[in-house]
Amino acid sequence: MTLQLDSDGHLRHLLTLEGLPKETLCRLLDRAGQIRDAALGRAHKRNSLLGTTICTLFFEPSTRTRSSFHIAAQRLSADVINFDASTSSARKGETALDTLKNLEAMGVRGFIVRHPEDGAAEALAMQAGEGTTVINAGDGRSAHPTQGLLDALTLRQAKGADFSKLKVLIVGDVKHSRVARSDLHALRTLGTGEIRVCGPASLLPDDGTLEGCATGDDFDAMLEGVDAVMMLRLQRERMEEGLVASLDDYHARYGLTAGRLRRAAGDAVVLHPGPINRGVEITDEVADGPQSLVLRQVSNGVAIRMAVLESLLS
Amino acid sequence: MTLQLDSDGHLRHLLTLEGLPKETLCRLLDRAGQIRDAALGRAHKRNSLLGTTICTLFFEPSTRTRSSFHIAAQRLSADVINFDASTSSARKGETALDTLKNLEAMGVRGFIVRHPEDGAAEALAMQAGEGTTVINAGDGRSAHPTQGLLDALTLRQAKGADFSKLKVLIVGDVKHSRVARSDLHALRTLGTGEIRVCGPASLLPDDGTLEGCATGDDFDAMLEGVDAVMMLRLQRERMEEGLVASLDDYHARYGLTAGRLRRAAGDAVVLHPGPINRGVEITDEVADGPQSLVLRQVSNGVAIRMAVLESLLS
Amino acid sequence: MTLQLDSDGHLRHLLTLEGLPKETLCRLLDRAGQIRDAALGRAHKRNSLLGTTICTLFFEPSTRTRSSFHIAAQRLSADVINFDASTSSARKGETALDTLKNLEAMGVRGFIVRHPEDGAAEALAMQAGEGTTVINAGDGRSAHPTQGLLDALTLRQAKGADFSKLKVLIVGDVKHSRVARSDLHALRTLGTGEIRVCGPASLLPDDGTLEGCATGDDFDAMLEGVDAVMMLRLQRERMEEGLVASLDDYHARYGLTAGRLRRAAGDAVVLHPGPINRGVEITDEVADGPQSLVLRQVSNGVAIRMAVLESLLS
């Protein structure tokens, strides 16, 4: 991936965490950690992107991720344009590339791209002009690098910087999940001691994604002694596609309950990228319980996005 | 309502005008009046909310109210996020509370909430974190406190601060109107001399809302000698529900015409929360005539919202 | 058009380029040229509209034009409100005038209006208050003055300020095009040597719009020796209306290919207002080729809109 790194090793785009040097990844985590600490006192407004226009270019709706990037950009004093490509020129038959080129010509320097197709952000980055930066906010099943970073930051805050002793369990629809792929990239780069992946066989990929991971469909067994449980969202489409029998059945086999969580280490933490289907992936008791870091993830998301925007654009 | 007042009597949330101490209410009116006078010269930008992120969280569409709050927040240099909950994660099954908690975790400190259900803003305020403020921008039929405040400010500017001599008539669909309820709360707290309420029996509430008001369905009779006529918007649903025979019939009985207005005091003023159904609630002649304060209400709306945001968040 | 010029010859509104004095038009082009040069180094933020609220009031969707104005306004530090009138109070039966009057009462000083009906922007300007400015961002088939200005700026940058020697060809659906009308107004005012118009008879107006232009339906013949080709977008509705047989047929007769372009002067330039129907009006080879100024037009669009907003509002 030399597309995202320039010859000096600086990030030009952020498309995936796959292959990103550990040093680069840790520098982003450090920066986000500092920003977060500074912000804890009171909302801070920085001037680092004053006069820089950033566009959230979403070809797939996601109000949450968009809001997180929007807030991050505002905190850096950037000007933000929301371009909802599902209700715009896209309907007039314009290609994603033409849309980007036009906004680039208007002076937009940073694009936050969400797209349903694998590789869409990379394709746009390849065509982007000199001073333009593309940040992948999720493409197909491939990557969601800022989610991977914020999950890594959340784990690091909870468990320390040494990942070599950690046992982490990822649970659910890994097959269709860009979150899982970016989490796996980050966990491997950070040298996680043991990565386990659990889900019904129909929702686990068989293409090398899980190389080096212990995999299985027995949630109770996989939970034994883990330090962190990273739950994935179950899209309701999976039932319509026949990959999951029913929500009740899914919950019975892969729902994280307080009882089940006791199989993990006593100080195990629980993550979920949201939005949660309460009562499906996680019970209310666990989602709102003391081991849940769900809202911490959301806070870290803004800090990570500030760090990424600042690193790439200022 | 201790939820909206802290132990020192400071406003923490603004959920309803019911039970709000007269002193608190008048302080907001005073502040809004000052802001408005200052703004009359030229648009002013204040820095009081610089670095504060505010979210308009609307579970029911209302471009006007949203714009008014948005402009008010911008004038105070706040960062604003529009979260349209009808086209967002709400569709993914996320609860209103989860949405608020997530945005709170992103650093949003003020929520402007519009919701179709009674008590929704209060329910969110009860769950909101320490430094978070909820402002009710209309919930069900219950309350629309900033509308009540702006109507009170408009009346006070026109008629002076002593409400004890005033005769005020509220006309229309009081039963389904949060505007009417907040107006009644404000008028009572300000010690209005006489409050009359007029509308077809099918559109008047029979639950104590109108306690202490003179009520009736004869518009001409009720108009005699009043100092202010507060017209309500008629939602077209009322016809489909069979509560109103037809728009023509409604206009014939409850439409404010120039002829009818002559029954009121010579210097009577006319208010309407907008958007007006011209030719239904009011004729063009009255809506655009010298006694109409409709646009003054809109201007006061921005001033009131600036005063509220500044009081609660800075 | 005294509505848009005050008695001192200053622009108060920008509704059309028709009848706009050459001096006024050139002053806007000069200003935009300066802004563009200054912006080439790095994005600049100016303070000229700090504290001024501007509203994009679109009764017809157009994400591109709206984004261009939005970015222009942000660069001048204005506060911007997007009012999408197709999903708002307009649905509640409010008239365009009531919407404008309400936003004006909220303190909006500049309105960027897009409307499907001819004369809509002018009608609003006639009713606007003292300190309010209306900028037409496209009304019906009548006018799109900022597009006319940006096209003129683009031509001037490429061909110099003396238009008297230029041969310019406009191609396509002139009949339904506000872009073509504003281009014609600008080209005439700037004293263009020869204006040619080419398209199928069904898409050329017969109402005096083309007075003084050489017209015809033979694209190859009309292309001979021209210095600039201004292509128009073909709306797909034209086929449904039977005005065009098919996209393939249209492309065969009026599509600009590299081969055809060789009939024009060797240094001829190609313009298109976008979004391009690639393979219909223009081939990829031409659209992305060295003679295409399409993206330059987009950049100039922001500069022109900054110049217009600054001239009219600061």
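This is a conversation between a student and a tutor about a predicted model and the contacts between its chains.

Student: Let's begin with chain B and chain C. How many residues of each take part in the contact?

Tutor: Chain B brings 20 residues and chain C brings 23 residues. The area buried between the two is about 2,000 Å², and carbon and sulfur atoms give 51% of that. On the side of chain B, the three residues that supply more than any other three are Lys45(B), Thr63(B) and Arg64(B), with 24% of the area that chain B buries against chain C.

Student: What makes Arg278(B) and Asp98(C) a salt bridge?

Tutor: Set the value against the cut-off. The N to O distance between these side chains is 2.7 Å, and the rule asks for a Lys or Arg nitrogen within 4 Å of an Asp or Glu carboxyl oxygen. The pair therefore counts as a salt bridge. The rule finds two salt bridges across the interface of chain B and chain C, along with seven residue pairs in polar contact, both residues being at pLDDT 80 or more.

Student: Which elements of chain B give two or more residues to the side that touches chain C?

Tutor: Those are helix 2 (63-75) and helix 12 (294-313) of chain B. Helix 2 of chain B gives the largest share, eight residues. By kind, this side of chain B divides into seven nonpolar, seven polar and six charged residues.

Student: Now to the other neighbour. What does chain B do with chain A?

Tutor: Here 23 residues of chain B are in contact with 20 residues of chain A. The buried area is about 2,000 Å², with 51% given by carbon and sulfur atoms. Two salt bridges cross this interface, and one pair is Asp98(B) with Arg278(A), whose closest N and O atoms are 2.7 Å apart. Strand 2 (79-84), helix 3 (96-105) and strand 3 (108-115) of chain B each give two or more residues to this side. The largest share, five residues, comes from helix 3 of chain B.

Student: Why is the relation between chain B and chain C called a three-fold axis?

Tutor: Chain B can be laid on chain C by a turn of 120 degrees with a shift of 0.0 Å along the axis, and the RMSD is 0.0 Å. That is the relation of a three-fold axis. For chain B and chain A, too, a turn of 120 degrees and a shift of 0.0 Å along the axis give an RMSD of 0.0 Å.

Student: Let's look inside chain B. What makes Arg178(B) and Glu60(B) a link between separate parts of the chain?

Tutor: Arg178(B) forms a salt bridge with Glu60(B), with 2.8 Å between the closest N and O atoms. Arg178(B) lies in helix 6 (residues 178-189), while Glu60(B) is in the loop between strand 1 (53-58) and helix 2 of chain B, so the pair ties together parts that are 118 residues apart in sequence.

Student: Why is Arg178(B) called buried?

Tutor: Its relative accessible area is 12%, and buried means under 20%, so Arg178(B) meets the definition. Glu104(B), at 16%, counts as buried as well.

Student: Where does Glu104(B) sit, and how far along the helix is Lys101(B)?

Tutor: Both lie in helix 3 of chain B, three residues apart, which is about one turn of the helix. Their side chains meet in a salt bridge at 3.0 Å, N to O.

Student: How do you know that Arg278(B) is partly exposed?

Tutor: Arg278(B) has a relative accessible area of 28%. Partly exposed covers values between the 20% and 50% cut-offs, so the name fits. Within chain B, Arg278(B) also forms a salt bridge with Asp284(B), the closest N and O atoms being 2.8 Å apart. Asp284(B) is partly exposed at 42%.

Student: Finally, what makes Gly225(C) a contact of residues far along the chain?

Tutor: Gly225(C) lies in the loop between helix 7 (219-223) and strand 8 (228-231) of chain C. Leaving aside its neighbours within four places in sequence, Gly225(C) is in contact with Lys167(C), Arg263(C), Ala264(C) and Ala265(C). Ala265(C) is 40 residues from Gly225(C) along the chain, yet their C-alpha atoms are separated by 4.5 Å.

Note on methods. Residues are numbered from 1 along each chain as its sequence is written. Chains are lettered from A and ligands numbered from 1 in the order in which they are written. This is a predicted model: local features need pLDDT of at least 70, side-chain atom pairs count only at pLDDT 80 or more; totals for chains, interfaces and linings use all residues. Side-chain values use heavy atoms; hydrogens and water are left out. Contact means heavy atoms within 4.5 Å. Buried area is the accessible area (1.4 Å probe) that two parts lose on being put together, summed over both. A polar contact is a pair of N or O atoms within 3.5 Å; within protein, one must be able to donate a hydrogen and the other to accept it, and residues adjacent in sequence count only if both atoms are side-chain atoms. Helices (H or I, at least four residues) and strands (E, at least two) are DSSP runs, numbered from the N terminus. Ala, Val, Leu, Ile, Met, Phe, Trp, Tyr, Cys and Pro count as nonpolar, Asp, Glu, Lys and Arg as charged, and the others, Gly among them, as polar. Copies are superposed by least squares on the C-alpha atoms of residues with pLDDT of at least 70 in both. Buried means under 20% relative accessible area, exposed over 50%, partly exposed in between (1.4 Å probe, protein chains only).
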